[in-house]
Amino acid sequence: MNINGLTLNSPSLPVLEKALASGKLHHACLFTGPDGSGKTAAAVETALSLLCRAPDNRPCRTCLSCRKLLHYNHPDFRVVFPFLSEKSFQDTAKELQLRETARQAEGEKVTYRDLFLKYLSESAGELVRDPLRPPRMMSDFKDKNREITISIVRDLLEEVSMPPSESPFKVFLVAEADRMNSEAANALLKTLEEPPTYAKFLLVSSRPQRLLPTLRSRCQIVKFQPLQEADLLSYLESLPRTGGLSLRLASAFSDGSVREALSLLDPENLPLLEEALDMLEWCLSPGTQEALALSEAYSSYSFPDNVKRLRFFLLFLREAEQRNRVTGTGETGDAVERRLLSLTGRLPKGYFLRAFEKARTAMDALERKMQARLVFCAFFFSLLDKEES
Ligand SMILES: [Zn+2]
């Protein structure tokens with residue numbers, strides 16, 4: 001299976017493709033594998049194949065059915081995904097200042113309820129249109145307590161009970177299925193035990209061990225592995241160039257995850273990459289004044305951005321220590337790579353290990369909602385002394 005030029009890495013695909021071609025796909029499939037391995041994209045592709053009207057070579061992506069699905073307005077296709085309750089959405093939206101951003105773009109009248117509904121509808125659309133990228137709601141609310149609740153599953157099951165309106169099948173894609181709470185999972189399980197003949201369920205999960213074993217055993221498993229670095233690189237090369245990190249580093253850093261690679265190449269993340277390099281540069285000759293200034297600056301930034309800063313810092317730190325990927329050959333126009341190259345091999349081993357550990361501690365602290373200023377102060381100050389290790 002090749003999604004927009006990206007070759008997926010899965011031993012189960014030939015079986016899936018054969019089942020699709022012969023019209024004998026199991027009524028429930030579970031797409032599993034690490035984040036960014038293309039599971040959701042493969043599930044969308046499967047939905048397209050099931051509903052496409054072309055006589056062969058399905059999915060054609062051009063027939064009315066394919067186009068409706070890709071615009072997420074096909075009556076026989078439904079996506080569900082875990083989300084926050086409206087109340088906790090509002091709290092998080094306040095924290096991330098989402099309404100302020102929306103008001104700047106759309107005027108003064110945006111309410112939290114408007115934002116909530118907009119997020120729900122846009123996220124499903126994004127997930128279908130561009131499943132290789134993380135939908136914004138997944139990155140904005142990555143570590144929040146998103147859940148597939150019983151009310152989400154009840155709505156879904158109501159649709160399951162109604163026959164398809166224009167296709168032989170009705171397809172239900174459940175993203176991040178492991179985030180179903182137990183009530184929701186049990187309700188879905190009942191339907192998977194005796195599904196209507198037209199219903200096809202496509203469950204997606206990177207943590208299938210968290211699913212009910214009885215639910216798992218009802219599904220045909222479609223397993224994915226991390227993408228091959230060369231496949232990922234050639235996919236990245238086919239995209240419009242966005243600047244930032246070199247494609248070679250992006251594919252090497254992302255451990256076979258297309259989402260990670262795209263995040264590293266996202267121009268919005270370029271300042272964060274630069275700041276991660278600032279942190280690394282600071283480590284070479286750590287000073288108190290700069291430590292305070294950096295902590296102060298980071299304290300005003302959002303939680304997801306601060307987590308990214310530290311994640312990029314960890315990637316760069318590992319690279320600066322190992323010196324195995326930054327070669328200095330080719331792509332010399334890349335500012336980030338040039339800077340990284342100038343920092344490689346210059347940190348004492350003990351200090352490197354300490355920096356690694358402290359960065360992880362800081363990430364944990366941010367995730368436990370400690371104040372960014374305190375977290376970064378503690379981080380920088382624990383790294384002031386280069387000798388002690
Ligand atoms: Zn089609």
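# A guided tour from Arg-61 outwards

Begin by selecting Arg-61 in this predicted model: once its neighbours within four places in sequence are set aside, Arg-61 is in contact with Asn-4, Glu-45, Leu-48, Cys-66, Arg-67 and Leu-70. Arg-61 sits in the loop that runs between helix H2 (39-51) and helix H3 (64-70). Is this residue buried, exposed or partly exposed? Its relative accessible area is 30%, and because buried means under 20% and exposed over 50%, Arg-61 counts as partly exposed.

Now add two of those contacts to your selection. If you show the side chains of Arg-61 and Glu-45, you will find a polar contact between them, at 2.5 Å. With Leu-48 you can compare sequence and space, since Arg-61 and Leu-48 are 13 residues apart along the chain, while their C-alpha atoms are 7.6 Å apart.

Next, select the zinc ion. Which residues coordinate the zinc ion? The SG atoms of Cys-52, Cys-60, Cys-63 and Cys-66 do so, at 2.3 Å, and along the chain these donors follow the spacing C-x7-C-x2-C-x2-C. Cys-66 is also one of the residues in contact with Arg-61. If you display the angles around the ion, the 4 donor atoms subtend 104 to 121°, and therefore the arrangement is tetrahedral. Two of the cysteines can then be coloured by accessibility: Cys-60 is partly exposed, at 24% relative accessibility, whereas Cys-63, with a relative accessible area of 14%, is buried.

Follow the chain onwards to Tyr-72, which you will find in the loop between H3 and strand E4 (77-80). Tyr-72 has a relative accessibility of 22%, and so counts as partly exposed. Leaving out its neighbours within four places in sequence, the contacts of Tyr-72 are Phe-77, Arg-78, Val-79, Ala-124, Gly-125 and Val-128. Zoom in on Val-79, because here the side chain of Tyr-72 reaches the backbone nitrogen of Val-79 at 2.9 Å. For a wider view, select Ser-161 as well: Tyr-72 and Ser-161 are 89 residues apart in sequence, and their C-alpha atoms lie 20 Å apart in space.

Zoom out to see the whole protein chain, for which the domain assignment gives domain 1 (2-82 + 147-223) and domain 2 (266-382). The C-alpha centres of domain 1 and domain 2 are 39 Å apart.

Within the second of these ranges, select helix H14 (residues 270-284). Its 15 residues should span 21 Å at 1.5 Å a residue, and the distance of 22 Å between its end C-alpha atoms agrees with this. Which residues of H14 are buried? They are Leu-272, Leu-273, Glu-275, Ala-276, Leu-277, Met-279, Leu-280, Trp-282, Cys-283 and Leu-284. These buried residues pack against several helices, including helix H13 (258-265), helix H16 (303-322) and helix H18 (349-367).

Finish the tour at H18, where the 19 residues should span 27 Å at 1.5 Å a residue, and where the end C-alpha atoms, at 28 Å apart, agree with that expectation. Among the buried residues of H18 are Tyr-351, Phe-352, Arg-354, Ala-355 and Ala-359, and the buried residues of this helix pack against H14, H16 and H19. As a last selection, take Lys-369, which follows H18 and has a positive phi, near 70°.

Conventions: Residues numbered from 1 in each chain as written. Predicted model: local features only at pLDDT ≥ 70, side-chain atom pairs only at ≥ 80, totals over all residues. Heavy atoms only, no water. Domains from an automatic or database assignment. Donors = N, O, S within 2.8 Å, 3.2 Å for Na, K, Ca; no water. Tetrahedral: all angles 85-135°; square planar, octahedral: opposite > 155°, others 65-115°. Buried < 20%, exposed > 50% of the residue type's maximum accessible area, 1.4 Å probe, protein only. Helix = DSSP H or I, 4+ residues; strand = E, 2+ residues; numbered from the N terminus. Expected span 1.5 Å × (residues − 1). Contact = heavy atoms within 4.5 Å. Polar contact = N/O pair within 3.5 Å; in protein donor to acceptor, adjacent residues only side chain to side chain.
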